[in-house]
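Ready for a little practice at reading a structure? Take a moment to look over the chains, then work through the exercises at your own pace.

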Number of protein chains: 2
Amino acid sequence: MSIKIGIMGYGNLGRGVELAVKEAPDMELAAVFTRRDPASLKILTEGAAVCSADSVQDWAGKIDVLMVCGGSATDLPVQTPKYAGMFNVIDSFDTHARIPEHFANVDAAAKEAGTVGIISCGWDPGMFSLSRVYANAILPEGKDYTFWGKGVSQGHSDAIRRIEGVKDARQYTIPVDAALDAVRSGKNPELTTREKHTRECFVVLEDGADADRVEKEIKEMPNYFSDYDTTVHFISAEELAANHSSLAHGGFVIRSGKTGVNKEHNHIIEYSLKLDSNPEFTTSVLIACARAAKRMADEGQKGAKTMLDIPPAYLSPLSGEELRAHLL
Amino acid sequence: MSIKIGIMGYGNLGRGVELAVKEAPDMELAAVFTRRDPASLKILTEGAAVCSADSVQDWAGKIDVLMVCGGSATDLPVQTPKYAGMFNVIDSFDTHARIPEHFANVDAAAKEAGTVGIISCGWDPGMFSLSRVYANAILPEGKDYTFWGKGVSQGHSDAIRRIEGVKDARQYTIPVDAALDAVRSGKNPELTTREKHTRECFVVLEDGADADRVEKEIKEMPNYFSDYDTTVHFISAEELAANHSSLAHGGFVIRSGKTGVNKEHNHIIEYSLKLDSNPEFTTSVLIACARAAKRMADEGQKGAKTMLDIPPAYLSPLSGEELRAHLL
């Protein structure tokens, strides 16, 4: 019997989840829930319902896993614990510093309701976290390196947009090749923030804005830009729309570690992603996690989980026998 | 209380396990078991016992996990099921085609004894298998590529040594850069065996052996060499010992997959290893699996498992809280 999926929120993530469900041989989309007028929403899946977010509790028992597709800043801290009280849930909560608090809130709600809530699924947190945990467990003596990009950082783009005189902006985070090469050499370099990434900004000015002042404000902005080598390009709104609307992203997780009687052997473990669409890759991970949530709930597990708690085989539609025969 | 480890067999793998136990904050080596005269064995760990393999059953209850460090051809098919009848066990069984049969044998023995036996741990099978399973679960529409090397293949080196007139040999498997680049480009190329790897052989001849005949026999050997571009170098025994005793190895697992309404977005997931010591890295993985075996057994699980069944957090000495706070 196929796994019935609900989608809460139909933005970039919600649409990506819908596409990922289409690719899953063992799933079907039951309903999309929206805070907008359901009649205004066109979805891709024939036969799936489009409903008001307020009516979601009517779907208890008709949905196996609800994908909570809100933002990490204000939506998920409220929504994930709330819906974990009704359904098995998946979210992509990515505010690293607040994960322990979010985990505790979802855990309490899910344990009371007898559901499974897998939080912080995606690639970072998510696949990158898994790479760090595996590599640290294997090579206890070593050093971790994470590089992001090339890709647009929404947080940094938003920070530029808040500057007076800026109409629109995109900021790319770019890993420095020389730093990657140094890490891969096994030399375990100590790298400063500036040595690891550069930042490239494409900015559309309001009419009459002072480009020199805007560039100075960007480059001197603490936390966001002052510790980096930053380049600023001023372009037209048309050029921004034409050349900078890509959702591509990616990155590298590398652990360099040593073994041997005298620590004479070095090992490099590297995991990397090169993604044409950050939201579509993220939602492909979320849907694999939904499969695991169903299996864990069917076993009688309950409470909050992360990808670190999921036996990898649970993410696959294949059986244990098939996996051992073909992928082990 | 620390996890008590036993090592069955003190070759390259057994010695690597001993080093990995030294690095584990939560483990101690209880005993090494050998088929040789125990008095002839010098181990690195003070306070650990050295015992005859025949006496291992006397250690029931005194060892949490027994690391079965034999060869896949003839040792492990017998030893792992046998010792799973007495202890939680870990092995590195790597004959891919016979894994289902080995799994069934260990499963039966472990279920009867109430133990956990994790088989086929290491990097391939092992970490490479995990990479394939994760990447396939995330990107159901795509193509897998595995490249090995640069590193010595024992099987191919042995095949050369069986040729008349050959005194000794080492064979390196080398991935072809152009093939790796084509895969990383997202073009999903169909690659022949010849296009993926080259084979480089360093051969020491017996006195008076015919080099031309040996080279021809190597290059035309079916399965092992005839489908590859193979280079043969004849060198002295001294040169072989001086320059070709490295245990380095590595490889790449890449999945290239598509998402999107019209499959317009390509994604590349790449996992790679660059290892100075193949046996020491392998045993570092085995020891992380031993930690998981203890946890799974403590939960009341029993039977055969593979790394695909292990929640990643179980491999780490850190708690769930610590992992979520620092590595997620």
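The exercises below concern a predicted model, and each comes with a worked solution.

**Exercise 1. Two helices across the chains**

Work out how helix α4 of chain A and helix α4 of chain B are oriented relative to each other, and which residues meet.

*Solution.*
- Step 1: Start with the geometry. Two packed helices are described by the angle between their axes and the distance between the axes.
- Step 2: Here the two α4 helices, residues 127–138 in chain A and in chain B, have axes that come within 13 Å and cross at roughly 170 degrees.
- Step 3: Angles over 145 degrees count as roughly antiparallel, so α4(A) and α4(B) are roughly antiparallel to each other.
- Step 4: Now look at the side that α4(A) offers: A:Met127, A:Leu130, A:Tyr134 and A:Ile138 meet B:Met127, B:Leu130, B:Tyr134 and B:Ile138 of α4(B).
- Step 5: Sorted by character, the residues of this contact are eight nonpolar, no polar and no charged.

**Exercise 2. The neighbours of a strand**

Find the strands that pair with β13 of chain B, and say in which sense they do so.

*Solution.*
- Step 1: Within chain B, strand β12 (residues 249–259) pairs with β13(B) in the antiparallel sense over 11 bridges. Along this pairing, B:Arg255 is opposite B:Ile269.
- Step 2: Follow the chain between these strands. β12(B) and β13(B) make a hairpin with five residues between them, and B:Gly260 in the turn has a positive phi of about 115 degrees.
- Step 3: Cross to the other chain. Strand β13 of chain A (residues 265–275) also pairs with β13(B) in the antiparallel sense, over nine bridges; there, A:Ile269 is opposite B:Leu273.
- Step 4: Finally, check the cover on β13(B), residues 265–275: nine of its 11 residues are buried, leaving the strand mostly covered.

**Exercise 3. Two aspartates**

Decide for each of B:Asp75 and A:Asp298: buried or exposed?

*Solution.*
- Step 1: Place B:Asp75 in helix α2 of chain B, residues 75–84. Its relative accessible area is 18%, and because buried means under 20%, B:Asp75 is buried.
- Step 2: See what surrounds B:Asp75. Its side chain reaches the backbone nitrogen of B:Gly71 at 2.9 Å. Leaving aside neighbours within four places in sequence, B:Asp75 is in contact with B:Arg35 and B:Gly70.
- Step 3: Turn to A:Asp298, in helix α10 of chain A, residues 278–298. The cut-off for exposed is over 50%, so at 55% relative accessibility A:Asp298 counts as exposed.

Notes:
Residues are numbered from 1 along each chain as its sequence is written. Chains are lettered from A and ligands numbered from 1 in the order in which they are written. This is a predicted model: local features need pLDDT of at least 70, side-chain atom pairs count only at pLDDT 80 or more; totals for chains, interfaces and linings use all residues. Side-chain values use heavy atoms; hydrogens and water are left out. Helices (H or I, at least four residues) and strands (E, at least two) are DSSP runs, numbered from the N terminus. Buried means under 20% relative accessible area, exposed over 50%, partly exposed in between (1.4 Å probe, protein chains only). A polar contact is a pair of N or O atoms within 3.5 Å; within protein, one must be able to donate a hydrogen and the other to accept it, and residues adjacent in sequence count only if both atoms are side-chain atoms. Contact means heavy atoms within 4.5 Å. Axes are lines fitted to C-alpha atoms, for helices over the stretch in contact, and angles run from 0 to 180 degrees between N-to-C directions. Angles under 35 degrees count as roughly parallel, over 145 as roughly antiparallel, 65 to 115 as roughly perpendicular and the rest as oblique. Ala, Val, Leu, Ile, Met, Phe, Trp, Tyr, Cys and Pro count as nonpolar, Asp, Glu, Lys and Arg as charged, and the others, Gly among them, as polar. Two strands pair if DSSP finds at least two bridges between them.
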